[in-house]
Amino acid sequence: MPSFNLAASQPESSILLIEDDPMIGLSLTRALNDTGMPVEWVRDGLEGERAIATQRYQLILLDLGLPNKSGLDILKALRERGDATPLLVITARDEVDDKVAGLESGADDYLVKPFGFNELMARVRAILRRTDEQNPIVIGNGEISLMLATHEASYRGKTLPLPAREFALLYILLDSPGTVFSREQIETRLYEWSREVGNNAVDVLIHYLRKKFDNEIIRNVRGIGWMVVKHPDATRS
Ligand code: CA
């Protein structure tokens, strides 16, 4: 399964999914991983509570109807402890009263099943963006910045979401502005994040990124590799 994992640099940057329905759990885990968000999936309320007690998460996706401990009890206990981890409740249609109780108990948002993945992602990004604004984790060279929580790039006042591998590649370059990376170096680092790096993948991703941003931002250093410039102002004259 392709998984873009920033765990090495951001130990708290994964999503905890507490959901007992195997179909929903599996498809959400896959879809979020494909978007570049590492997911830990647990299927029961007590397991969920254990996970929350032992690790920090960027976001919790919480089903309400769960074996052993209800989602609502998990949520109440979490907020009573003063834990403000962003939390999105996912509920079945017949649990709408619980949904209201969930919001009153401190959920950041809720979704009613069945929901489309795009809708879920929009909610997730909105919650993470709010978190980003309160506590930004940004890397960049001053002109492009990457928001790790939402996998968005912000460039000259515009914000655009990036597919997982483009984000990963830009992350590698922006982590070290002014350094030239060879194709092999980039491939090696991309492979740490996603096992599906095919032939020509780096060239294709660079091509997309240069189209999206600015040929001057990602410099092609002939015969050596690519870099982002250290001081973007120097690129303009
Ligand atoms: Ca359930």
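**Helix α2**

I started with helix α2, residues 45-54, in this predicted model. I looked up which of its residues are buried and found Gly45, Gly48, Glu49, Ala51 and Ile52. Looking down the axis of α2, I noted that these buried residues fall within an arc of 160°, so they line one face of the helix. On the other side of α2 I listed Arg50, Ala53 and Thr54 as exposed. I then asked what covers the buried residues of α2. The cover includes strands β1, β2 (39-42) and β3, together with helix α3.

**Calcium site**

I went next to the calcium ion and looked up its protein donors. They are Asp20 and Asp63, each through OD, and Gly65 through O, at 2.2 to 2.4 Å from the ion. I wrote the sequence spacing of the donor residues down as D-x42-D-x1-G. Asp20 and Asp63 link distant parts of the chain, being 43 residues apart. Asp20 sits in the loop between β1 (15-18) and α1 (22-34), whereas Asp63 belongs to strand β3.

Are the two aspartates buried or exposed? Asp20 has 32% relative accessibility, so I entered Asp20 as partly exposed. Asp63 has a relative accessible area of 2%, so I entered Asp63 as buried.

**Glu19**

I also checked Glu19, in the loop between β1 and α1. Its relative accessibility is 0%, so Glu19 counts as buried. I left aside neighbours within four places in sequence and listed what Glu19 touches: Ile24, Gly25, Trp41, Val42, Arg43, Asp63, Leu66, Ile90 and Lys113. One of these contacts, Asp63, is also a calcium donor.

**Backbone: Asn68 and Pro114**

I looked for backbone exceptions, with this background in mind: most residues other than glycine have a negative phi, and most peptide bonds are trans. Asn68 has a positive phi, near 75°, and is not a glycine. I placed Asn68 in the loop between β3 (59-63) and α3 (71-80). Asn68 is exposed, because its relative accessibility is 59% and the cut-off for exposed is over 50%.

The peptide bond from Lys113 to Pro114 is cis, and I noted its omega as near -5°. Pro114 lies in the loop between β5 (109-112) and α5 (117-134). Lys113, on the other side of that bond, is also among the contacts of Glu19.

**Leu111 in β5**

I moved to Leu111, which is in strand β5. With a relative accessible area of 1%, Leu111 is buried. Which residues does Leu111 contact, leaving aside those within four places in sequence? I listed Leu88, Val89, Ile90, Thr91, Glu119, Leu120 and Arg123. For Leu111 and Leu88 I noted 7.5 Å from C-alpha to C-alpha and a sequence separation of 23 residues. Ile90 is in contact with Leu111 and also appears in my list for Glu19.

**Helix α8**

Helix α8 covers residues 201-212, 12 in number. I noted 17 Å from its first C-alpha to its last, close to the 16 Å expected at 1.5 Å a residue. I recorded the buried residues of α8 as Ala201, Val202, Leu205, Ile206 and Leu209. Down the axis of α8 they fall within an arc of 125°, so I noted that they line one face of the helix.

**Aromatic pair**

I searched for aromatic pairs and the count came to one. The pair is Tyr155 with Phe213, edge-to-face, with 5.3 Å centre to centre and 85° between the planes. Where do the two residues sit? Tyr155 is in strand β8 (residues 152-155), and Phe213 is in the loop between α8 and β10 (218-221). They are 58 residues apart, and I noted that the pair links distant parts of the chain. Both Tyr155 and Phe213 are buried.

**Whole chain**

I left the chain totals for the end. I noted eight helices and 11 strands. Of the 237 residues, 49% are buried. Among contacts between residues at least 6 apart in sequence, 59% join residues at least 24 apart. The chain exposes about 11800 Å², and I noted that carbon and sulfur atoms supply 49% of that area.

Notes
Residues numbered from 1 in each chain as written. Predicted model: local features only at pLDDT ≥ 70, side-chain atom pairs only at ≥ 80, totals over all residues. Heavy atoms only, no water. Helix = DSSP H or I, 4+ residues; strand = E, 2+ residues; numbered from the N terminus. Buried < 20%, exposed > 50% of the residue type's maximum accessible area, 1.4 Å probe, protein only. Contact = heavy atoms within 4.5 Å. Areas by Shrake-Rupley, 256 points an atom, 1.4 Å probe, with all protein chains shown as cover. Expected span 1.5 Å × (residues − 1). Arc of directions from axis to C-beta. Donors = N, O, S within 2.8 Å, 3.2 Å for Na, K, Ca; no water. Phe/Tyr/Trp six-rings, centres within 6.5 Å; stacked < 30°, edge-to-face > 60°.
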